[in-house]
Amino acid sequence: MRLKSADTLRALMDQDGFSHGRLARYAGCSKGFISHLLAGRRSSCTPELGARIAEALNVPVKVLFDVHKSTSSSTNDIHERTAA
């Protein structure tokens, strides 16, 4: 899944009073991952994690993420390019 907009994620977090740490705890990921999403250093995650983030913020997944299935994540792409 690919995050549609870091600004939307940030606005929803602000609206509900979510810090990086609080959202991370609700979603079951690290504060660093949330920080990377907000800064644009990461834009993809697993469908399960995307669903947990959306659920924590009480919005449908499609508000935050493009739900197209991907054959590889951006992390795998980076590893494949550096290994080649």
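A crossing of two helices is called right-handed if the near helix is turned clockwise from the far one by less than a right angle, and left-handed if anticlockwise. Keep that in mind for points 3 and 4.

1. First, what you're looking at: this is a predicted model. The protein chain averages a pLDDT of 86, and 81% of the residues score at least 70. Residues 71-84 are another story, with a pLDDT below 50. Beyond near neighbours in sequence, that stretch has five contacts in the model. Where pLDDT is low, the predicted coordinates should not be read in detail, so go easy on that part of the picture.

2. A word on the helix pairs coming up. Two packed helices are described by the angle between their axes and the distance between the axes. I'll give you both for each pair.

3. Start with helix 2 and helix 3, the latter covering residues 31-39. Their axes come within 8 Å and cross at roughly 115°. Angles of 65 to 115 degrees count as roughly perpendicular, and helix 2 and helix 3 are therefore roughly perpendicular to each other. Helix 2 passes helix 3 in a right-handed crossing. Want to find the contact on screen? Helix 2 brings H20, G21, L23 and A24, while helix 3 brings K31, I34, S35 and L38. Sorted by class, that contact has four nonpolar residues, three polar and one charged.

4. Helix 2 (residues 20-27) also meets helix 4 (residues 47-56), with axes that come within 8 Å and cross at roughly 120°. That makes helix 2 oblique to helix 4. The crossing of this pair is right-handed. On the helix 2 side you'll see L23, Y26 and A27, and facing them in helix 4 are L49, R52, I53 and A56. Six of the residues in this contact are nonpolar and one is charged, with no polar ones. Notice L23: this residue is in the contact with helix 4 and also in the contact with helix 3.

5. Now helix 1 and helix 3. Their axes come within 7 Å and cross at roughly 125°, which makes helix 1 oblique to helix 3. A6, L9, R10 and M13 of helix 1 touch I34, L37, L38 and A39 of helix 3. The tally here is seven nonpolar residues, one charged and no polar.

6. Last one: where is the salt bridge? The structure holds one, and the side chains of D7 and R10 form it, at 3.2 Å from N to O. Both residues sit in helix 1 (residues 6-16), three residues apart, so about one helical turn separates D7 and R10. R10 is a busy residue to click on, as it also takes part in the contact of helix 1 with helix 3.

Key:
Residues are numbered from 1 along each chain as its sequence is written. This is a predicted model: local features need pLDDT of at least 70, side-chain atom pairs count only at pLDDT 80 or more; totals for chains, interfaces and linings use all residues. Side-chain values use heavy atoms; hydrogens and water are left out. Axes are lines fitted to C-alpha atoms, for helices over the stretch in contact, and angles run from 0 to 180 degrees between N-to-C directions. Helices (H or I, at least four residues) and strands (E, at least two) are DSSP runs, numbered from the N terminus. Angles under 35 degrees count as roughly parallel, over 145 as roughly antiparallel, 65 to 115 as roughly perpendicular and the rest as oblique. Contact means heavy atoms within 4.5 Å. Ala, Val, Leu, Ile, Met, Phe, Trp, Tyr, Cys and Pro count as nonpolar, Asp, Glu, Lys and Arg as charged, and the others, Gly among them, as polar. pLDDT is the predictor's confidence in each residue, from 0 to 100. A salt bridge is a side-chain nitrogen of Lys or Arg within 4 Å of a carboxyl oxygen of Asp or Glu.
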